[in-house]
Amino acid sequence: MKKMFAIILVLALALVSVGFAEEEKLPPMPEEAAVYEGTWVCDRASIEIIWEEEGFRVFISWGSSASETSEWEYNCYYDAETKSLEAMPTGIHTDNVYGEDGEIVSSTVIYNDGEATFTLDGEGHLLWHDVKEDAGKDMLFERLAIPDAE
């Protein structure tokens, strides 16, 4: 009897959880913000912008040599008024050193309170305005071509 009660209780809780999950609809990506999504490159740096749940995750990787990279990660929201992506003040800058086998041998967090803004210029280049250290100064990122969906 106790087993049957436990099974019924678990099933009831599972059904309640499904009900809450269905009620909690996450907002879709704003249509005008879709121009940011994708991969952008400038020399040895790349920016990947992905819509996740309620905002954008922006990941930047910049190789200074074959064995060293700097990475930044931001959580951004789309500002419809300025038509830009605005990062929360929680951006993380990490420097990584790789061994001969390609594995990370050291990783140093430089800061975890970075801020940034991402905008598009009149020619469609992505601009990275890094508030903390101006890391994106004078860089024009170009979007990688998106293959035609067939």
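This is a short talk through the fold, the aromatic rings and the charged pairs of one protein chain.

Okay, hi everyone. Before anything else, keep in mind that this is a predicted model.

Let's start with the overall layout. The protein chain has one helix and 10 strands. If you walk along the sequence, the helix comes up at the start of the pattern, and then it's strand after strand. There are 150 residues in the chain, and 29% of them are buried. On the outside, the chain exposes about 10200 Å², with 56% of that supplied by carbon and sulfur atoms. And if you take the contacts with a separation of 6 or more, 38% of them are between residues 24 or more positions apart.

Now, a quick word on cysteines. How many disulfides does the structure hold? Zero. Two cysteines to look at are C42, which is buried at 12% relative accessible area, and C76, also buried, at 5%.

On to the rings. The count comes to six aromatic pairs. One I'd like you to find is Y74 with F118: the ring centres are 5.7 Å apart and the planes sit at 70 degrees, so we call it edge-to-face. Y74 is in strand β4 and F118 is in strand β8, so this pair ties together parts that are 44 residues apart in sequence. Are these two buried or exposed? Y74 is buried, at 1% relative accessibility, and F118 is buried too, at 0%. While you're looking at rings, find W62, W72 and W128 as well, which form one aromatic cluster.

Last topic: charges. Side chains of opposite charge can pair when their charged atoms come close. Here we have three salt bridges. R57 takes part in one with E52, at 3.4 Å between the closest N and O atoms, and in another with E73, at 3.6 Å. That second pair links distant parts of the chain, with E73 in strand β4 and R57 in strand β3, 16 residues apart. R57 counts as buried at 18%, while E52 is partly exposed at 38% and E73 is partly exposed at 33%.

Then there's D113 with K132, where the closest N and O atoms are 2.9 Å apart. D113 lies in strand β7 and K132 in the loop between β9 and β10, so parts 19 residues apart in sequence get tied together. Both are partly exposed, D113 at 37% and K132 at 42%. K132 has another neighbour to check out: its charged end sits over the ring of Y111, 5.3 Å from the centre.

That's my tour, thanks!

Terms used:
Residues numbered from 1 in each chain as written. Predicted model: local features only at pLDDT ≥ 70, side-chain atom pairs only at ≥ 80, totals over all residues. Heavy atoms only, no water. Disulfide = S-S within 2.5 Å. Buried < 20%, exposed > 50% of the residue type's maximum accessible area, 1.4 Å probe, protein only. Helix = DSSP H or I, 4+ residues; strand = E, 2+ residues; numbered from the N terminus. Contact = heavy atoms within 4.5 Å. Areas by Shrake-Rupley, 256 points an atom, 1.4 Å probe, with all protein chains shown as cover. Phe/Tyr/Trp six-rings, centres within 6.5 Å; stacked < 30°, edge-to-face > 60°. Lys NZ or Arg CZ within 6 Å of the ring centre and 35° of its normal. Salt bridge = Lys/Arg side-chain N within 4 Å of Asp/Glu carboxyl O.
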